[in-house]
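Got the viewer open and a few minutes to spare? Load the model, pick a colouring you like, and let's walk through it stop by stop.

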Amino acid sequence: WITAGAGWDQAALEAPNTRGSVQLAALPETYQPVLALALSPDGNRLAIGRGNRLFVHDLQATNFTVLLATNAAIDALRSVAWSPDGQRLAVGAKDGTLRIWDLPTQRLARTLVGQAEGQAQWVNDAVWLPGGRIAAAGNDLTVRLWDAEAGRSLAVFHGHTGSVTSIAASPDGRRLFTGAGDGTLRAWDLEALDPRRWTWPLEGSA
């Protein structure tokens with residue numbers, strides 16, 4: 001088409017977009033992959049992300065009784081992480097959300113959305129820091145710290161050039177480790193964080 005000498009149609013480029021917004025439909029019933037699972041800190045419950053549904057099973061009960069079964073996101077769930085006290089689940093999904101579920105009430109407590117240049121990013125993995133107030137999530141190329149109780153973003157770390165696929169926190173909460181599709185592992189020094197301003201002096205350290 002180009003080599004045939006097609007002209008540049010500037011008027012078509014500048015024409016208003018009349019296509020409307022894109023609405024995500026429900027996942028097909030046949031698409032129910034298990035992309036995430038996690039044991040509770042006491043080892044008595046298992047959380048499973050199957051398609052866009054979240055299940056929590058009681059491993060001490062006969063036949064592993066289902067304690068919770070709910071639609072947890074619009075798109076497929078990519079990660080589930082228990083809070084240290086076992087009372088909440090951080091659930092990351094392909095729709096770019098990190099949802100905080102309160103297990104005693106079985107209610108959605110928070111929906112946290114990380115964005116980059118106006119576009120929601122996949123949440124491939126998430127982890128709680130010791131204390132159970134702050135959660136870290138891999139939002140595509142970035143790593144974001146969330147105050148899960150206040151529902152606000154505390155910091156965003158840049159450095160990976162491939163999607164962040166895995167996150168781990170040191171037991172003392174001083175370091176965060178992230179792995180990505182760019183083949184790198186990065187260690188983030190959380191002690192460099194000023195708790196009064198929640199800002200970082202550097203983007204990150206390899």
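What follows is a short tour, with something to select at each stop.

**Before you click**

This is a predicted model, so to speak of a local feature we ask for pLDDT of at least 70, and side-chain atom pairs count only at pLDDT 80 or more, while totals for chains, interfaces and linings use all residues. Residues are numbered from 1 along each chain as its sequence is written, and side-chain values use heavy atoms, with hydrogens and water left out.

**Stop 1: a sheet of four strands**

Start with S1, S2, S3 and S4. Strands here are DSSP runs of E with at least two residues, numbered from the N terminus, and two of them pair if DSSP finds at least two bridges between them. These four make an open sheet in the order S1-S2-S3-S4, with antiparallel pairing. Its edges are S1 (34-39) and S4 (66-71), each pairing on one side only. On average, neighbouring strands are turned by 10° against each other, direction ignored. (Axes are lines fitted to C-alpha atoms, and angles run from 0 to 180 degrees between N-to-C directions.)

Now zoom in on S2 (residues 45-50) and S3 (residues 53-58): six bridges join this antiparallel pair. Which residue in S3 is the bridge partner of Arg50? Select Arg53 and you have found the partner.

**Stop 2: the largest nonpolar core**

Next, show the side chains of Leu54, Val56, Leu77, Val80, Trp82, Leu89 and Val91. In the largest nonpolar core, which has 16 residues, these touch the most other members. A nonpolar core is a set of buried Ala, Val, Leu, Ile, Met, Phe, Trp, Tyr and Cys residues joined through side-chain atoms within 4.5 Å. S1, S3, S5 (77-82) and S6 each supply at least two residues of this core. In soluble globular proteins, nonpolar side chains tend to be buried together.

Pick out Val91, in strand S6 (residues 88-93). Is Val91 buried or exposed? Its relative accessibility is 2%, so Val91 counts as buried; the cut-offs are under 20% relative accessible area for buried, over 50% for exposed and partly exposed in between, with a 1.4 Å probe and protein chains only. Setting aside neighbours within four places in sequence, the contacts of Val91 (heavy atoms within 4.5 Å) include Leu54, Ala72, Leu77 and Trp101. For a longer jump, draw a line from Val91 to Asn124: 33 residues apart in sequence, they have C-alpha atoms 9.7 Å apart.

Leu89 is worth a click too. Not counting residues up to four places away in sequence, Leu89 touches ten you can highlight, among them Ala47, Leu54, Val56, Ile100 and Trp128.

**Stop 3: a loop**

Move to Thr105, in the loop between S7 (97-102) and S8 (107-113). At 44% relative accessibility, Thr105 counts as partly exposed. The side chains of Thr105 and Asp102 are joined by a polar contact of 2.6 Å. Such a contact is a pair of N or O atoms within 3.5 Å; within protein, one must be able to donate a hydrogen and the other to accept it, and residues adjacent in sequence count only if both atoms are side-chain atoms. Gln87 is 18 residues from Thr105 along the chain, with 9.5 Å between their C-alpha atoms.

**Stop 4: the aromatic pair**

How many aromatic pairs does a search of the whole structure find? It finds one. Select Phe157 and Trp188: their ring centres are 5.1 Å apart and their planes are at 25°, so the pair is stacked. (Rings of Phe, Tyr and Trp, the last by its six-membered ring, pair if their centres lie within 6.5 Å; planes under 30 degrees apart count as stacked, over 60 as edge-to-face and the rest as tilted.) The pair links distant parts of the chain, with Phe157 in S14 (residues 152-157) and Trp188 in S17, 31 residues apart. Phe157 is buried, with a relative accessible area of 1%, and Trp188 is buried at 1% as well.

**Stop 5: a sheet of three strands**

Trp188 in S17 leads to the last stop. An open sheet has the order S15-S16-S17, with antiparallel pairing. S15 and S17 are the edge strands, each pairing on one side only.

- S15 (residues 164-169) and S16 (residues 175-180) pair over five bridges, and Ile167 stands opposite Thr178.
- Gly173, in the hairpin of S15 and S16, takes a positive phi near 75°.
- S16 and S17 (residues 185-189) are joined by five bridges, with Arg175 and Asp189 as bridge partners.
- Gly183, in the hairpin of S16 and S17, takes a positive phi near 80°.
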